[in-house]
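User: I would like to learn how to read a protein model feature by feature, starting with how two helices pack against each other. Could you take me through it step by step?

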Amino acid sequence: MSLQFPTRLRRSSAMGLLVVVALVLSGCSAETDTQLKRLAMPEAATLEAPAVHTLWIWAWVAAMATGVFVWGLILFASIRYRRRSETEIPVQTRYNLPIEVMYTIAPVIMVLVFFVFTLRAQADVLKDDDNADNVVTVVGQQWSWSFNYNLGYDEKTEAYEPREGEDVVYDVGTAAEPPTLWLVKDRSVQFNLASPDVIHSFWVPAFLFKMDVIPGRHNSFSVTPTREGTFQGRCAELCGVRHTRMLFYVKVVDQQEYDDHLASLAERGNTGPALGGSEVNTVSGLETESNGGE
């Protein structure tokens with residue numbers, strides 16, 4: 001007995017599926033439609049983010065194309081070579097050289113193509129701008145963040161030093177009171193990442209980028225914010241009991257508001273490199289030539 005569905009049933013099922021899909025799509029809000037177009041990626045907030053978004057989109061396109069091709073082959077084989085009677089024995093094929101060559105070479109080509117495009121995107125987002133308009137040294141510690149403005153990194157001396165002609169001020173927070181990182185729209189910023197304890201990960205979803213913060217290792221990258229607003233950030237590396245509380249905010253403003261904020265930090269006494277958390281003067285952490293890490 002062959003397994004066949006009546007033509008009318010197949011057509012009815014297809015029409016029912018199309019109706020359900022149409023109803024689901026028609027019920028989507030404008031925001032949902034936008035998210036679907038971005039394939040669930042956050043709206044880009046930096047000049048470098050589109051490189052990651054493009055890679056994300058084309059990765060999905062390649063995956064879906066591969067899926068459709070494979071599903072099509074499965075469906076074709078299921079229908080074309082289905083058993084038509086209980087006594088029928090299909091032809092036994094030991095091997096098919098063209099097919100074996102195809103499914104060996106095709107994945108290799110796909111991996112190589114992905115590799116090339118990944119390298120291109122990586123070059124765009126990992127570049128360092130030594131002449132960036134601003135520089136911020138980010139310190140991740142259990143379990144919060146410190147943001148040191150105008151604190152750069154000298155690769156020759158391997159030390160964190162104030163930017164020439166600039167005073168270092170900082171924002172700090174706790175697990176209970178997340179800090180806010182201030183940036184300037186359309187002004188490039190170089191981030192230096194440091195940790196006094198364990199591995200953390202500096203992640204701002206709207207930047208479409210994250211980087212590990214590793215003790216004893218200098219990691220850095222540069223971005224240029226392209227729109228004002230407040231964005232969420234968090235640690236993306238399991239770092240301890242309160243890992244989920246390692247939250248922060250990123251506030252992108254104009255130059256005047258940024259300057260006013262840094263001036264207010266200086267007035268409050270938040271000067272000099274911050275070593276970590278709210279207990280900046282008592283918690284050991286980032287070593288600098290100015291404070292010796294105490």
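Analyst: To read a helix pair, take the angle between the two axes first and then look at the residues that meet. In this predicted model, helices α3 and α4 run roughly antiparallel to each other, because their axes cross at roughly 165 degrees and angles over 145 degrees count as roughly antiparallel. The two axes come within 9 Å, with α3 spanning residues 49-80 and α4 spanning residues 97-125. As for handedness, α3 passes α4 in a left-handed crossing.

User: Which residues of α3 and α4 make the contact?

Analyst: On the α3 side the contact is made by Ala51, Val52, Leu55, Ala59, Ala62 and Thr66, and on the α4 side by Met110, Phe114, Phe117, Thr118, Ala121, Asp124 and Val125. Sorted by class, the contact of α3 with α4 has ten nonpolar, two polar and one charged residues.

User: Before we go to single residues, how many helices and strands does the protein chain have, and what share of its residues is buried?

Analyst: The protein chain has five helices and twelve strands, and 32% of its 294 residues are buried. A further overall reading concerns contacts between residues with a separation of 6 or more, of which 68% join residues 24 or more positions apart in the protein chain.

User: Where can I see residues that are far apart in sequence lying close in space, and how should I read such a case?

Analyst: Set the sequence separation beside the C-alpha distance, and then ask what the residue touches. Arg245 and Ser144 are 101 residues apart in sequence, while their C-alpha atoms are 7.6 Å apart. The next residue to consider is Met246, which is likewise in the loop between β11 and β12, and which is 101 residues from Trp145 in sequence with a C-alpha to C-alpha distance of 7.3 Å.

User: Is Met246 buried or exposed, and which residues does Met246 contact beyond its sequence neighbours?

Analyst: Met246 counts as buried because its relative accessibility is 0%, and the cut-off for buried is under 20%. Leaving aside neighbours within four places in sequence, Met246 is in contact with Gly140, Gln141, Trp143, Ser144, Trp145, His200, Gly233, Arg234, Cys235 and Cys239.

User: How does Arg245 read by the same steps?

Analyst: Arg245 sits in the loop between β11 (229-235) and β12 (247-253), and with a relative accessible area of 41% it is partly exposed. With neighbours within four places in sequence left aside, Arg245 is in contact with Trp143, Ala175 and Ala176, and a polar atom of the Arg245 side chain lies 3.2 Å from the backbone oxygen of Ala175.

User: Trp143 appears in both contact lists; where is Trp143 found, and what is the peptide bond from Gln142 to Trp143 like?

Analyst: Trp143 is found in the loop between β1 (134-141) and β2 (144-149). The peptide bond leading from Gln142 into Trp143 is cis, with omega near 0 degrees.

User: What backbone feature should I look for in other loops?

Analyst: The sign of phi can be read residue by residue, and two loop residues serve as cases. Asp186, in the loop between β6 and β7, has phi near 65 degrees, a positive value in a residue other than glycine, and Asp186 is partly exposed at a relative accessible area of 44%. Leu208, in the loop between β8 (200-204) and β9 (209-213), has phi near 55 degrees, again positive in a residue other than glycine, but Leu208 is buried, with a relative accessible area of 9%.

User: Which residues does Ser188 contact, and which backbone oxygen does the side chain of Asn219 reach?

Analyst: Ser188 lies in the loop between β6 (180-184) and β7 (189-194) and counts as buried at 10% relative accessibility. Apart from neighbours within four places in sequence, Ser188 is in contact with Asp129, Ala132, Asp133, Asn134, Val223 and Thr224. Asn219 belongs to strand β10 (residues 219-223) and, at 12% relative accessibility, also counts as buried. The side chain of Asn219 reaches the backbone oxygen of Asp212 at 2.9 Å, and, not counting residues up to four places away in sequence, Asn219 touches Phe191, Asn192, Leu193, Met211, Asp212 and Ile214.

How values were computed. Residues are numbered from 1 along each chain as its sequence is written. This is a predicted model: local features need pLDDT of at least 70, side-chain atom pairs count only at pLDDT 80 or more; totals for chains, interfaces and linings use all residues. Side-chain values use heavy atoms; hydrogens and water are left out. Helices (H or I, at least four residues) and strands (E, at least two) are DSSP runs, numbered from the N terminus. Buried means under 20% relative accessible area, exposed over 50%, partly exposed in between (1.4 Å probe, protein chains only). Contact means heavy atoms within 4.5 Å. A polar contact is a pair of N or O atoms within 3.5 Å; within protein, one must be able to donate a hydrogen and the other to accept it, and residues adjacent in sequence count only if both atoms are side-chain atoms. Axes are lines fitted to C-alpha atoms, for helices over the stretch in contact, and angles run from 0 to 180 degrees between N-to-C directions. Angles under 35 degrees count as roughly parallel, over 145 as roughly antiparallel, 65 to 115 as roughly perpendicular and the rest as oblique. A crossing is left-handed if the near helix is turned anticlockwise from the far one by less than a right angle, and right-handed if clockwise. Ala, Val, Leu, Ile, Met, Phe, Trp, Tyr, Cys and Pro count as nonpolar, Asp, Glu, Lys and Arg as charged, and the others, Gly among them, as polar.
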